[in-house]
Amino acid sequence: MGAADAPGAPLREGEAVAMELALAEARAAGDAGEVPVGAVLLRDGSVVAVAENRMRRSRDATAHAECLLLHDAARQLGADAIAETTLVVTLEPCAMCAGAILLARVQRLVFGAWDDKAGMCGSVGDIVRHPRLNHRPEVQGGVRAEESAELLRRFFADRRPST
């Protein structure tokens, strides 16, 4: 487990519903042959955008759920910085996604499973709370972590050859 703030703290308005939506997006991604990760962006407790991983379908290494979500939200909200939002995602963001979250000025990040191989919000590193950066979102990790991790375990187990 990483160093996220208050992993057992209660969720805020709309975050439990957002995680349920993110899990549904992750399942849809897995069904489509993508790594099962889903994300939801909230503003004032209401859903602004949803996304799932689309790397394989789009043949684009940057088509992670978080990046797609931030692109969509920026278009909808008409701003490059989408402050006063909460990003809910089923897997701890990687370096690319953590950087995008910072640049978009997301206020709060809630994630499910920890990623001890590529997670950059407390596991491998902690880009989102680097002390030299001028924006640091609140972070709450481990929300429905087991359910999120199980989607990933099943996805990769189904693709590995049996021994």
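In the predicted model, His64 is in contact with Asn53, Met55, Cys94, Met96 and Cys97 when its neighbours within four places in sequence are left aside. His64 belongs to the loop between helix H2 (55-58) and helix H3 (65-77), and its relative accessible area of 17% places it among the buried residues, because buried means under 20% relative accessible area. One of its contacts, Cys97, lies 33 residues away along the chain, yet the C-alpha atoms of His64 and Cys97 are separated by 7.5 Å.

Helix H3 follows this loop. The 13 residues of H3 should span 18 Å at 1.5 Å a residue, and the end C-alpha atoms are 18 Å apart, so the expected and computed spans agree. The buried residues of H3 are Ala65, Glu66, Cys67, Leu69, Leu70 and Ala73, and what covers them includes strand S1 (38-43), strand S2 (46-52), strand S3 (86-91) and helix H4 (95-103). An α-helix has 3.6 residues a turn, so residues three or four places apart point the same way. Just after H3, Gly78 takes a positive phi of about 70°.

Turning to the aromatic side chains, the count comes to two aromatic pairs. Phe111 and Trp114 form an edge-to-face pair, with 4.8 Å from centre to centre and 85° between the planes, and both of these residues are buried. Phe155 and Phe156 also pair edge-to-face, at 5.0 Å centre to centre and with 85° between the planes. Within this second pair, Phe155 counts as buried at 4% relative accessibility, whereas Phe156, with a relative accessible area of 30%, is partly exposed.

Phe156 appears again in the description of the pockets. The largest pocket has a volume of about 600 Å³, and of the 24 residues that line it, Val35, Leu91, Asp115, Leu152 and Phe156 are the closest to its centre. Helix H5 (residues 145-159) provides the largest share of this lining, namely seven residues. By class, the lining of the largest pocket has 14 nonpolar, two polar and eight charged residues.

The second largest pocket has a volume of about 170 Å³, and the residues that line it include Arg12, Glu13, Glu15, Arg43, Asp44, Glu84 and Arg108. Leu42, Gly45, Thr85, Thr86 and Gln107 also line the second largest pocket. The lining of this pocket divides into one nonpolar, four polar and seven charged residues.

Note on methods: Residues are numbered from 1 along each chain as its sequence is written. This is a predicted model: local features need pLDDT of at least 70, side-chain atom pairs count only at pLDDT 80 or more; totals for chains, interfaces and linings use all residues. Side-chain values use heavy atoms; hydrogens and water are left out. On a 1 Å grid over the protein atoms alone, a cavity is a set of points where a 1.4 Å probe fits but cannot get out, and a pocket is an open set with protein on both sides within 12 Å along at least five of seven lines; lining residues have an atom within 4 Å of a point. Grid points are joined across faces, edges and corners, and a volume is the space filled by probe spheres set on the points. Helices (H or I, at least four residues) and strands (E, at least two) are DSSP runs, numbered from the N terminus. Ala, Val, Leu, Ile, Met, Phe, Trp, Tyr, Cys and Pro count as nonpolar, Asp, Glu, Lys and Arg as charged, and the others, Gly among them, as polar. Buried means under 20% relative accessible area, exposed over 50%, partly exposed in between (1.4 Å probe, protein chains only). Contact means heavy atoms within 4.5 Å. The expected span of a helix is 1.5 Å times one less than its number of residues. Rings of Phe, Tyr and Trp (its six-membered ring) pair if their centres lie within 6.5 Å; planes under 30 degrees apart count as stacked, over 60 as edge-to-face and the rest as tilted.
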